[in-house]
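Okay, everyone, thanks for coming. I'd like to walk you through a model and its pockets, so let me put it up on the screen.

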Amino acid sequence: MKNIVILISGRGSNMEAIVNACQREGWPARIAAVISNKASASGLQFAASHGIATAVVDHKAFDSREAFDAELARVIDGYAPDVVVLAGFMRILTEGFVRHFEGKMLNIHPSLLPSFPGLHTHQRAIEAGCKLAGATVHFVTPELDHGPIVTQAAVPVLSGDTEADLAARVLKQEHVIYPQAVRWLVEGHLSIEQGIVRHAQGASQVRWGD
Ligand code: GRF
């Protein structure tokens, strides 16, 4: 059984999708813990109500990013993680932290990377006149919202879309591709060569949503 540790900062709908898929599909893994940097993260309640260990490491209690990351890494390591999943975890991570979990830490970002790293991705895509938007699951590297791409889902940007419309359309796809990517990593199907991620059995790493 592999141990998955999920980090959240808010509602945790991606975390929910991963918890549900792990249970429903009988992955050779368990969600060992859900950890938040905010005690108010509503996703913590979902995790606790599913019998999953939860922890809070409040970034405001630390003087520096390094001190916060060191404590966060210590707490995560306490659950002997095989896979660490960032699911709406809204903290910039230090290089030391990222290197510590390199190769086993995934993130989901709500854009078709390398377009639109950072915040407000949907609004920026609408303002740029993009006809496609989407989400990307990638391995975490020290550079924010970069790192080898595991899978991407694309959706259309429709005329008249508000930021909320597009966010909802993308989120629906996030809930499909993120559990799938985590499962691939848990089951050892992924390899990275020169920054390119391949699936051993050639599973499609592309999803078209509507
Ligand atoms: C998602 O859109 C994810 O792509 C981004 O933050 C949001 C988190 O949503 N990184 P949730 O907490 O998983 O519902």
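How do the residues lining the second largest pocket divide into nonpolar, polar and charged? Six are nonpolar, three are polar and four are charged. Before I go further, keep in mind that this is a predicted model.

Let me stay with that second pocket for a moment. Its volume comes out at about 160 Å³. It has 13 lining residues, and the ones closest to the centre are Ala21, Arg24, Glu25, Pro179 and Gln180. In terms of secondary structure, helix 1 and helix 6 each give at least two residues to this lining. Helix 6 has the largest share there, with six residues. If you think in domains, domain 1 (1–101) and domain 2 (107–210) each put at least three residues into the lining of the second largest pocket.

Now for the largest pocket. You've got about 1000 Å³ of space in there. The lining runs to 37 residues, and Gly88, Met90, Ile108, Pro110 and Leu119 sit nearest the centre. So what's the mix by class in the lining of the largest pocket? We count 15 nonpolar, 15 polar and seven charged residues.

Which elements supply at least two residues each to that lining? They are helix 1 (13–25), strand 5 (105–109), helix 5 (121–127) and helix 6 (163–186). Helix 6 again takes the largest share of the lining of the largest pocket, this time with four residues. And the domain story carries over: at least three lining residues of the largest pocket come from domain 1 (1–101), and at least three from domain 2 (107–210).

On to the ligand. Around it you'll find Arg11, Gly12, Ser13, Asn14, Gly88, Ile108, Pro110 and Glu174. Gly88, Ile108 and Pro110 should sound familiar, since they also came up among the residues nearest the centre of the largest pocket.

For the polar contacts, let me start with arginine 11. An N or O atom in its side chain is 2.5 Å from a ligand oxygen. With glycine 12 it's the backbone: an N or O atom there lies 2.9 Å from an oxygen atom of the ligand. Isoleucine 108 also uses its backbone, with a polar atom 3.1 Å from a ligand nitrogen. How much of the ligand does the protein bury? On its own the ligand exposes 370 Å², and the protein buries 85% of that.

Last stop, some backbone geometry for anyone planning to set this up in a force field. Look at the loop between strand 5 and helix 5, where you'll find proline 114. The peptide bond joining leucine 113 and proline 114 is cis, with omega at about 10 degrees. Histidine 120 lies in the loop between strand 5 and helix 5 too. Its phi is near 55 degrees, which is a positive value in a residue other than glycine.

That's my tour. Over to you for questions.

Technical notes. Residues numbered from 1 in each chain as written. Predicted model: local features only at pLDDT ≥ 70, side-chain atom pairs only at ≥ 80, totals over all residues. Heavy atoms only, no water. 1 Å grid on protein atoms, 1.4 Å probe; cavity = no way out; pocket = protein on both sides within 12 Å on 5 of 7 lines; lining within 4 Å. Points joined across faces, edges and corners; volume = space filled by probe spheres on them. Nonpolar A, V, L, I, M, F, W, Y, C, P; charged D, E, K, R; others polar. Domains from an automatic or database assignment. Near = heavy atom within 4 Å. Polar contact = N/O pair within 3.5 Å; in protein donor to acceptor, adjacent residues only side chain to side chain. Areas by Shrake-Rupley, 256 points an atom, 1.4 Å probe, with all protein chains shown as cover.
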